[in-house]
Number of protein chains: 2
Amino acid sequence: MKKINVNTTTNNYNIIINNSFDLLQEHLIELGLSNKKICIITDDNVSELYLEEVYSIISKISDKVSYIIIPHGEVNKNLDTINNIYNKLLDNKFDRDSVLVALGGGVTGDMVGFACATYMRGIKFIQIPTTLLSQVDSSIGGKTGVDYKGYKNVIGAFYQPMLVYINTMTLQTLPKREFNAGMGEVIKHGLIADKNYFDFINTNINKINTLDNEVIQNLIAKSCIIKSEVVSQDEKEKGIRAILNFGHTVGHAVEKLLDFKLLHGECVAVGMIAAAYLSHITMQINIDELEEIKQCIKGFDLPTKIDKLDYVTIFNDLFYDKKTINDTLNFIILDGIGNCEIRSDLHKQDILSAIKYIL
Amino acid sequence: MKKINVNTTTNNYNIIINNSFDLLQEHLIELGLSNKKICIITDDNVSELYLEEVYSIISKISDKVSYIIIPHGEVNKNLDTINNIYNKLLDNKFDRDSVLVALGGGVTGDMVGFACATYMRGIKFIQIPTTLLSQVDSSIGGKTGVDYKGYKNVIGAFYQPMLVYINTMTLQTLPKREFNAGMGEVIKHGLIADKNYFDFINTNINKINTLDNEVIQNLIAKSCIIKSEVVSQDEKEKGIRAILNFGHTVGHAVEKLLDFKLLHGECVAVGMIAAAYLSHITMQINIDELEEIKQCIKGFDLPTKIDKLDYVTIFNDLFYDKKTINDTLNFIILDGIGNCEIRSDLHKQDILSAIKYIL
């Protein structure tokens, strides 16, 4: 078991990393959730795998446990699903002291978090992420939200959970493609913040791909620490938190332009290649480092190029993302592996070259 | 001009009280809003009265000023109106650095605040309240939200503005019935927090009713101070902030059961009579104090009784409100005029008597 503390201005909470759900009960009790009205929200994939076990554990501390099964996938990450959650909470007379548990991947966590943030101006929120992406990234830091009119996460709120409980065994049932997509964010953590961590990932590609328990627990813990340290410094993304968007500027554009047919982490992988190439042509990493980054990404079968899009379309789309402020495009680029900086002064020509590099 | 500072855990901002819009421009500049993308949101009543003037002032600091006119009234305080705001913000490419200005009463302020809280996880928010209710109550403290399925403010967020700018001259165009409704909250502030303030209101009933400028500015300032002091202690209403709900437990039930045909402040007035009577039968205020409270409320033509409802219906409805926690009903009752306490141990029989008292 590993425990990581996340301390933001609005909340102080723990991430528990364990290889089972055995410690969930005691952590919920410690948070004072015994006998609360608790609703587990999960999707129609994850419900088949883990709802029964989690429901049974939570039922030991309260006889007011219910669940909602929502349809899976990014396509359902919208206000209609949120309204369905509101309706069920109202029907079941959930009040301000009630608790929602998000059991599933990033889509479920983001939506349940937004429902918690906005139902009665904020109710209690527990994250039980079951995908690598949600374990190392989306469950930490309080970004919640839904897609709207084709824009990813454009409606949302910052809202911190009371607890993130990670059972690494859930990765055993995760489709390999989704696991790999999660590795996109893991590699990002090494690239932006810790050269040793990047080397650890590179050295352990095989063990990671075969889900070696010790390596996986260390990897998730390290990624959680990197993410939570950044988030603790800048909860509302006024400054430093933006470095977590490394690879996301181009990544989000690609994700949207391909109608969400590629997974988020796959788009981030391609976006990181573009950002790494941009770091190379602006003289901040050398060709060997660029190659090393590409090889690591390939080690998890992640895409390094995309087709079906032209560079002008991608470039134009960069200018409409939450990260765009006053028509200035902020790019996160590497300054060597393990360091990065936020830049708003890059030349259009260089950005275009970086986009062409992934086509 | 009066300036009151509100300091919450999430934001520190000023309330400016003035008898014109003359100081608005300098305060917006001081907040760094020059040249920002700014949208004024107002309703189809207030737009006729003040949009031109406010638009013209804000246009002096930015050439990217636009406006949205929403339909007035509680009946439009819903997610459809919020979605219409989102759509217009997206169409006009509003980003995270953009600003919304709520120009109007409580309904406008609550909705614009909620849109600000949830668009791109939070954008800049300015309140220009034009009704007494919004000036002394709803614009301060960051409660935002909309009604949903007949439940008042059940979907919402805590989100603080950057500035509250009150032009007391807007009360000149406010219908008298709405002014009186605002006085419901003003009287509440005296009752729960300050006997001298209650006496000031009682002594100045005529001057208040004729909008004497000095008395009105003092009154708004005092109410803003009382409200902001409570809110600063307990932004998220985990404890002390609940005292602001004095009169609201029964008030909200009546408001909902009468299908929002009475104004909020009118329902609060009736609710305060019920709560005052409850304070009397639990021996915490004497009959003279109860009478004094009723006379003050009558001084502003506010209702002290209602018809068309039976006491059982009202009683049952008390148990479903955001203030209900785990089926325990918290009541705010007076402990003498100018003091109050939160009680969860009241007898059902006493609560029923208090409800019967207003029928």
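**Exercise 1. Determine into which domains chain A is divided, and describe how the domains meet.**

*Solution.* Step 1. In this predicted model, chain A consists of domain 1 (2-172) and domain 2 (176-357).

Step 2. Between the C-alpha centres of domain 1 and domain 2 of chain A there is a distance of 26 Å.

Step 3. Taking residues as in contact if their C-beta atoms lie within 7 Å, one finds 28 residues of domain 1 of chain A touching 29 residues of domain 2 of chain A.

Step 4. On the side of domain 1 of chain A that touches domain 2 of chain A, two or more residues come from each of strand 1 (2-7), strand 2 (12-18), helix 5 (132-138) and strand 8 (151-158) of chain A. Helix 5 of chain A provides the largest share, five residues.

Step 5. Sorted by class, this side of domain 1 of chain A holds 12 nonpolar, 12 polar and four charged residues.

**Exercise 2. State which elements of chain A supply at least two residues of the side that touches chain B, and give the classes of the residues on that side.**

*Solution.* Step 1. Chain A and chain B each bring 29 residues to the contact.

Step 2. The elements of chain A supplying at least two residues each are helix 3 (79-91), helix 4 (106-118), strand 7 (143-148) and strand 8. Strand 8 of chain A gives the most, six residues.

Step 3. The side of chain A that touches chain B comprises 13 nonpolar, seven polar and nine charged residues.

**Exercise 3. Explain how chain A and chain B are related.**

*Solution.* Step 1. Chain A is superposed on chain B by a rotation of 180° with 0.0 Å of shift along its axis, at an RMSD of 0.0 Å.

Step 2. The two copies are therefore related as by a two-fold rotation axis.

Step 3. Both copies use the same surface, as 100% of the contact residues of chain A recur in chain B.

Definitions and conventions: Residues numbered from 1 in each chain as written. Chains lettered and ligands numbered in written order. Predicted model: local features only at pLDDT ≥ 70, side-chain atom pairs only at ≥ 80, totals over all residues. Least-squares fit on C-alpha atoms with pLDDT ≥ 70 in both. Contact = placed C-beta atoms within 7 Å. Domains from an automatic or database assignment. Helix = DSSP H or I, 4+ residues; strand = E, 2+ residues; numbered from the N terminus. Nonpolar A, V, L, I, M, F, W, Y, C, P; charged D, E, K, R; others polar.
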